[in-house]
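Visitor: Could you take me on a close look at a single part of this structure, and tell me how far the model can be trusted around it? I would enjoy one connected walk rather than a list.

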Amino acid sequence: MNTPIDRQLDILAARSVDLVSRAELRRKLETAAAAKRPLRVKYGADPSAPDIHLGHVVGLNKLREFQDLGHTVVFIIGDFTGMIGDPTGRSETRKPLSRDKIAENAKTYQDQVFKVLDRAHTEVCFNSEWCANMTFENVLKLSARVTVAQMLARDDFQKRFQEKQSISIVEFIYPIITGYDSVMVEADVEVGGTDQLFNMLVGRDLQKSFGLEPQVVLTLPLLEGLDGVRKMSKSLGNYVGVNESPREMFGKIMSIPDALMERYAALVLGRPACNAMRSIAGRPEKEPSLPGVKDERHPRQVKDELAQTIVARFHGPAAAVAASAEFERVFSEHKQPDEMPTVVIPMAQRKDGKLGVMALLVAAGLAESNGAARRLIQQGAVKVGETKITDITAELAIPEGSVVQAGKRAFARIVSA
RNA sequence: GGUGGGGUACCGAAGUGGCCAACCGGGGCAGACUGUAAAUCUGUUGGCUAACGCCUUCGAUGGUUCGAAUCCAUCCCCCACCA
């Protein structure tokens with residue numbers, strides 16, 4: 001906590017989209033420093049989808065910056081809210097999670113979160129601690145503090161209301177609960193994605209209403225997913241999970257559009273374009289990046305570096321180098337990966353020691369059905385060893401340890417026992 | 001409570017008696033191309049079958065018919081509007 005306030009402010013405000021408000025944050029930082037008391041920085045997490053991906057990392061990075069300046073992160077696992085399901089974005093009501101499932105998810109969550117956060121400066125709590133035992137009366141009194149007009153101020157509600165789409169009452173309750181969380185943990189600051197701005201502002205109102213000093217609200221950009229357009233999310237399947245294998249992570253990052261490289265560098269690596277990353281700018285192909293910066297590197301190489309840096313962050317440098325080499329081998333040189341699943345197909349399942357290709361693909365887990373296998377073969381996606389198979393009726397004697405390939409990325413090694 | 005509109009494959013959405021395993025778009029998968037698992041183009045996208053063909057699917061159940069996603073009945077669910 002020895003960093004000068006101005007410097008702290010700069011660090012904390014970096015990359016933020018909304019900051020309500022800088023003046024308040026400054027004041028809080030000053031008071032905290034004077035009292036030698038860390039700020040309580042709230043972050044809410046949804047336990048129904050326990051996979052942390054790079055989109056979450058954007059927020060976690062910010063939290064880590066708070067921690068590095070000596071502040072405390074209050075990590076709230078919304079187990080109670082998880083039970084009703086976040087209605088944001090018009091998703092159907094989620095199935096309530098069982099207690100066991102929540103506990104399990106919470107653990108997974110924490111394992112992943114502490115790849116970024118500093119465990120020593122983190123408080124973890126569950127909002128069921130204060131929500132589960134509220135009486136209906138409590139709930140009424142709480143909701144009396146918020147008006148419909150306040151709710152309709154939210155863009156999303158406004159729009160849906162005008163378009164005559166349904167808005168469930170729970171959707172109104174949801175921000176009230178998350179806001180109440182802020183009251184309960186006495187948050188000084190709350191960090192979240194821009195989509196959480198409304199909810200976090202409700203937190204401010206509620207805190208005021210409870211006679212507390214309102215939290216500072218800081219939003220961060222939503223990271224685009226692999227498609228480069230929509231935000232990264234599990235349900236869209238365009239995400240990179242922090243628990244994914246190095247090669248998976250590497251490959252996925254290699255697939256992002258070039259224009260997104262700088263954004264990933266800034267948001268995921270949590271640093272502004274410094275020298276090392278300056279070259280990772282969304283510049284046109286094969287053109288020098290910034291004026292005065294000598295960088296003739298090919299975008300592909302820049303992306304490789306980005307992918308390696310990200311992989312290294314979660315798996316260490318050695319894994320990053322290996323993943324890069326592997327990618328090069330499989331996709332640039334079209335060779336086999338050095339690791340692949342091994343599938344046992346006993347001789348008993350073969351006829352005269354041979355097996356039909358379709359059966360082989362299904363048995364190897366490379367096709368879901370014979371029909372899928374047939375299509376793969378007909379489309380020229382299948383190789384056994386070095387031989388491309390185009391005849392769907394082919395009966396093959398499969399030498400021990402043969403490699404079967406279906407498409408660019410799916411491989412299996414076949415053994416008989 | 002009343003009125004009206006709906007429930008179709010992973011999603012969106014056509015189809016209103018046989019030509020429907022079901023147009024089209026998205027997504028997925030594959031091929032070509034590529035620095036790339038990007039973009040683009042092409043193909044493909046229920047199951048069984050070498051194939052002919054067969055089987056299961058259009059909210060649920062029952063019925064009409066030679067024949068139904070399409071008609072009838074009952075039921076379940078969703079949405080909007082007016083109270």
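Guide: Gladly, and one cut-off will help us on the way: a residue counts as buried when its relative accessible area is under 20%. Please keep in mind that this is a predicted model.

Let us settle on strand β5, residues 189-193. Five of its five residues are buried, so strand β5 is largely enclosed by the rest of the structure.

Now for the strands that pair with β5. Strand β2, residues 40-45, pairs with β5 in the parallel sense, over two bridges. Here K42 stands opposite E190 of β5. The pairing with strand β6, residues 216-220, is parallel too, and five bridges join β6 to β5. In that pairing V191 of β5 stands opposite L218 of β6. To get from β5 to β6 the chain passes through helix α11, residues 197-209, in a β-α-β crossover that is right-handed. As background for reading such a region, side chains in a regular strand alternate between the two faces of the sheet.

The same cut-off for burial applies to two cysteines. C131 has a relative accessibility of 6%, so this residue counts as buried. C125 is buried as well, because its relative accessibility is 8%. You may wonder about a bond here. The closest cysteine sulfur to that of C125 is in C131, 11 Å away, which is too far for a bond. Seen from C131, the closest cysteine sulfur is the one in C125, again at 11 Å and too far for a bond. A disulfide would need the two sulfur atoms within 2.5 Å, and a search of the whole structure finds zero disulfides.

Finally, how far to trust the picture. The mean pLDDT of chain A is 80, with 86% of its residues at 70 or more. Among the elements of chain A, helix α18, residues 370-378, has the highest mean pLDDT, 91, while helix α14, residues 275-278, has the lowest, 42. Two stretches call for care. One is residues 86-94, where pLDDT stays under 50 and the model has 15 contacts beyond four places in sequence. The other is residues 273-295, also below 50 in pLDDT, with 36 contacts in the model beyond near neighbours in sequence. Where pLDDT is low, the predicted coordinates should not be read in detail. As for the overall scores, the model has an ipTM of 0.83 and a pTM of 0.74.

Conventions: Residues numbered from 1 in each chain as written. Chains lettered and ligands numbered in written order. Heavy atoms only, no water. Buried < 20%, exposed > 50% of the residue type's maximum accessible area, 1.4 Å probe, protein only. Helix = DSSP H or I, 4+ residues; strand = E, 2+ residues; numbered from the N terminus. Pairing = 2+ DSSP bridges. Right-handed = clockwise from strand over helix to strand, strands pointing away. pLDDT = per-residue confidence, 0-100. Contact = heavy atoms within 4.5 Å.
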